[in-house]
Amino acid sequence: MSQLENGQGDYEPPYLFPDYRSTVLRAPKQQPVKLADEWFHRAPGPVFGRIPVRAEDADLTRQHSGQPLGERIILTGRVTDSDGRAVPNTLVEVWQANAAGRYLDPVDDHSAPLDPNFTGAGRCLTDAGGRYRFVTIKPGAYPWRNHANAWRPAHVHFSLFGPSLASRLVTQMYFPGDPLIPSDPVLNSIPDPRGRALLISRFDIETTVPEWALGYRWDIVLRGSRATPAER
Amino acid sequence: MRPTPSQTVGPFFGFALPFAGDAIATPDAVRVEGQVLDGAGEPVGDALLEVSQDSQFGRCRTDAEGAFHFVVSQPEAGFLDVAIFARGLLRHLNTRLYFPGHEDAVPTGVAPERRQTLIAQRDGEVLRFDVRLQGERETVFFA
């Protein structure tokens, strides 16, 4: 118990985290009901043939007639289960703000400009080794109304399915050295600093392509292990 | 290895996650309609729901009234798995939609007075299934 009180060992955010205001009326108050026999680990995840994935969906800089403004980057990494085993052929979806910190979403009323050459949404399937790779531009920070002078650090949203219902993951990837990280309630809802560190990508010179784009590397671990019949 | 932690889907996914025909898991099947409500009973106008079971998969974003719909067929198990994502949900929620007549299939771990939150109600041609994130008649969520 004392371990949890100082956040050590707790890598998942709670539902209720008042510093992130939107949690207050949306966090369930009842404890979730545990299903027998690790049910979520045994239940196969949904089938994805219905979500279309084209090769060009992995390059967010080439979805329009011109090049988007901003710093071109490559985002890549490996998706594994908690035993370190690659998760091949799984759908990875990403979405993000443009370089000015504006989403192409009607709900976003930030005054920063839209970029006619940037949508900010991509999809790909992991390869046989569990690797994914996107070409995009570095998203900008943007203000939100959570508290006085609140700004979200630059981030890319990720959505992954994996083999079972338990492996479903929606999260956000951050950039190293971002000065907005220490004051961000969304990232800091994760109690253990080691958990927070898992969401920060690292600059990678090996991924960086000379004269073209900076490379960032971010590996993803999906819930589920060899002990469960995940391969179906 | 520790699993990568979850973060909220945020409010700005509507331009990215929907796909053509996303709310239709099976053509010519039953239409499910519902509303997502917060702890004050206000509609949650920026939630994303995913339903799945067997080969069915559907995804629907709620509208300004918190309303969503799916076209699904009744699986043999008598229920659909439902995942709920939203701004303010740092982790997504898992629940189940039980079809009328499958009340007995609700897991015994669910308290009798809360079972009703999991059972879709027939309303003319459609099935009605509301999700209450918090408060009175809070939906049962599973882990």
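## A tour of chain B, its contact with chain A, and a strand in chain A

Select chain B to begin: nine strands and zero helices are what you will find there. Keep in mind as you click around that this is a predicted model. If you color chain B by secondary structure and follow the sequence, the pattern reads β-β-β-β-β-β-β-β-β.

**Stop 1: chain B as a whole.** Show the C-alpha trace of chain B and turn it along its principal axes, where it spans about 40 × 35 × 35 Å. How does its radius of gyration sit against that of a compact globule? Chain B has 15 Å, and this agrees with the rule, because a compact globule of 143 residues would have a radius of gyration near 15 Å. Next, color by burial: 48% of the 143 residues of chain B count as buried. A contact map is a good companion here. Take the contacts in chain B between residues at least 6 apart in sequence, and 59% of them join residues at least 24 apart.

**Stop 2: where chain B touches chain A.** Now bring chain A into view and select the residues in contact across the two chains. You should have 55 residues from chain A and 48 residues from chain B. Which elements of chain B give two or more residues to this side? They are β5 (79-86) and β6 (93-98) of chain B. Highlight β5(B) next, since the largest share of the side of chain B that touches chain A comes from there, at four residues. Then recolor that side of chain B by residue class: 27 residues are nonpolar, 14 are polar and seven are charged.

**Stop 3: strand β1 of chain A and its partners.** Leave the contact and select β1 (residues 72-81) of chain A. Three pairings are worth a look here, one at a time.

- Add strand β4 (residues 131-137) of chain A: seven bridges join β4(A) to β1(A), and the two run antiparallel. To see one position, show A:Leu75, which stands opposite A:Phe134 in β4(A).
- Add strand β10 (residues 214-217) of chain A, which pairs with β1(A) in the parallel sense over four bridges. Label A:Ile74 here; its bridge partner in β10(A) is A:Gly215.
- Add strand β11 (residues 220-222) of chain A, joined to β1(A) by three bridges and running parallel to it. The residue to pick is A:Thr80, with A:Val221 of β11(A) opposite.

While the side chains are on screen, recall that in a regular strand they alternate between the two faces of the sheet.

Methods: Residues numbered from 1 in each chain as written. Chains lettered and ligands numbered in written order. Predicted model: local features only at pLDDT ≥ 70, side-chain atom pairs only at ≥ 80, totals over all residues. Contact = placed C-beta atoms within 7 Å. Nonpolar A, V, L, I, M, F, W, Y, C, P; charged D, E, K, R; others polar. Rg over C-alpha atoms; globule rule 2.2 N^0.38 Å. Buried ≥ 20, exposed ≤ 12 C-beta atoms within 10 Å, placed from the backbone. Pairing = 2+ DSSP bridges.
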